[in-house]
Amino acid sequence: MRNIKIIEVRSEIGAGTRGASLGIDAVKIAALDFMSNLFVNFPSEIVENENRLLYEPIASPYAKRIQGVNTMFERVSKAVCDTVKSGLFPLVLAGDHSTSGATIAGLKMAKHKRRLGVVWIDAHADLHSPYTTPSGNMHGMPLAISLGEDNIDNQVHTPDAQTLEAWKKLKNIGKIEPKIEPEDIVFIALRDYEKEEEAIIKRNGIKVIPVAEIRRKGIENVVRQTFMHLSNCDDIYISFDVDSLDSSISRGTGTPVSNGLREREAEDLIASFMQHHKICCFEIAEINPTLDKENMMAEIAFNILQRSVNLLLLN
């Protein structure tokens, strides 16, 4: 049985669409509607956010609000690190996906000698840097931060010195750089990424499991294949961005993409992962109830969360 701690990160400064900071409360409302005690049964920590920066002018167009993201990385990485060191399993509920880079940092800070694998269930690769970003939104950068990857070979922009100083600081949080290796990442349901990100994936031979492969091989097969690929890792972190779901059901997220996972596929996939002893952290991000109808996205996320927790308590 795992002892769980919920870490609530209501930050949305890394996103381009407003509303992701409300996702956690939407999930809590879903829990009430389903008469669940999930949020009563476990200790939780609310990480202070920097969302006030949304009202201020953007200083770094190629890494919007990067100073605030740095602050969030410090706070979230500490919360995750302290949770792991106290023997608890961090269940992270996040607003935008940028702070998942801080979750990775916290896991490494707690156990810096252990090799960390990452299962990234997301429509997007999140491998951009200030040199390549098409939007400047930092929720497209957490894996590049964790890899210490600037991708200068595919440079599009010339960021200013202040941005680059903040970017360098982000990559080195916890004084560990890189946090993860490219061979220790598995992308699942990836289908919307730019050529600059594709160059990183191809150059490093990063494993990608598309939705079609899940349907062809079956969930158990894909999960087994993932664990085999990450067999050299001591711990494995699962990051679930709700836009990995098909756009027909993932309206309640800022960047929906068609040809994604069905609700049951995502639920079964994550449940299958959660039964493995190497899983050290689970995170859900990018629920945006302002874009949704009848809180559907949060209800789907809650179902996944509840089933995951039930499995963690059994293992």
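**Note on pockets, cores and local geometry**

1. The largest pocket has a lining of 24 residues, and those that lie nearest its centre are H124, S135, H139, G140 and T255. The structure is a predicted model, and the points below should be read with that in mind. The space in this largest pocket comes to about 360 Å³. By class, its lining divides into 13 polar, 8 charged and 3 nonpolar residues.

2. The second largest pocket holds about 260 Å³ of space, and its lining is made up of 18 residues, with V84, L88, K111, D235 and C280 lying nearest the centre. The elements that each give two or more residues to this lining are strand β3 (89-94), helix α4 (100-110) and strand β8. Its residues divide into 8 nonpolar, 7 charged and 3 polar.

3. Helix α4, one of the contributors to the second largest pocket, deserves a point of its own. Of its 11 residues 10 are buried, so the helix is largely enclosed by the rest of the structure. The buried residues are S100, G101, A102, T103, I104, A105, G106, L107, K108 and A110, a list in which K108 appears alongside residues such as I104 and L107. The cover over these buried residues includes the helices α3 and α5 (142-147), together with β3, β4 (116-121), β7 and β8.

4. S239 is placed in strand β7 (residues 235-241), one of the elements that cover the buried residues of α4. With a relative accessibility of 0%, S239 counts as buried, because the limit for that class is under 20%. If its neighbours within four places in sequence are set aside, S239 is in contact with H97, S100, V119, W120, I121 and E283. Among these contacts, S100 is itself one of the buried residues of α4.

5. The largest nonpolar core comprises 54 residues, of which I188, F240 and F282 touch the most other members. Helix α11 supplies the largest share of this core, namely 10 residues. For F240, again leaving aside neighbours within four places in sequence, the contacts are I121, L245, A266, I270, F282, E283, I284, A285 and I304. A second core, separate from the one just described, has 48 residues and includes I66, V84, A166 and I201; V84 also appears among the residues nearest the centre of the second largest pocket.

6. There are 2 aromatic pairs in the model. In one of them, the ring centres of F34 and F302 are 5.6 Å apart and the ring planes lie at 15 degrees, so the pair is stacked. This pair links distant parts of the chain, with F34 in the loop between α1 (23-33) and α2 (38-41) and F302 in helix α11, 268 residues apart. As to burial, F34 is partly exposed at a relative accessible area of 39%, whereas F302 is buried at 3%.

7. F227 and F273 form an aromatic pair with an edge-to-face arrangement, at 5.6 Å centre to centre and 70 degrees between the planes. This pair, too, links distant parts of the chain, since F227 belongs to helix α9 (residues 219-229) and F273 to helix α10 (residues 263-274), 46 residues apart. F227 counts as buried at 13% relative accessibility, and F273 is buried with a relative accessible area of 0%.

8. Two residues other than glycine have a positive phi and may merit a look during review: R65, with phi near 60 degrees, and N295, for which phi is also near 60 degrees. R65 is found in the loop between β2 (44-47) and α3 (66-85), and N295 in the loop between β8 (279-285) and α11 (296-314). R65 is buried, with a relative accessible area of 15%, and N295 is buried as well, at 17%.

9. The backbone also contains a cis peptide bond, which joins E177 and P178 with omega at about -5 degrees. P178 is found in the loop between α6 (161-171) and β5 (185-188).

Key:
Residues are numbered from 1 along each chain as its sequence is written. This is a predicted model: local features need pLDDT of at least 70, side-chain atom pairs count only at pLDDT 80 or more; totals for chains, interfaces and linings use all residues. Side-chain values use heavy atoms; hydrogens and water are left out. Helices (H or I, at least four residues) and strands (E, at least two) are DSSP runs, numbered from the N terminus. Buried means under 20% relative accessible area, exposed over 50%, partly exposed in between (1.4 Å probe, protein chains only). On a 1 Å grid over the protein atoms alone, a cavity is a set of points where a 1.4 Å probe fits but cannot get out, and a pocket is an open set with protein on both sides within 12 Å along at least five of seven lines; lining residues have an atom within 4 Å of a point. Grid points are joined across faces, edges and corners, and a volume is the space filled by probe spheres set on the points. Ala, Val, Leu, Ile, Met, Phe, Trp, Tyr, Cys and Pro count as nonpolar, Asp, Glu, Lys and Arg as charged, and the others, Gly among them, as polar. Rings of Phe, Tyr and Trp (its six-membered ring) pair if their centres lie within 6.5 Å; planes under 30 degrees apart count as stacked, over 60 as edge-to-face and the rest as tilted. Contact means heavy atoms within 4.5 Å. A nonpolar core is a set of buried Ala, Val, Leu, Ile, Met, Phe, Trp, Tyr and Cys residues joined through side-chain atoms within 4.5 Å.
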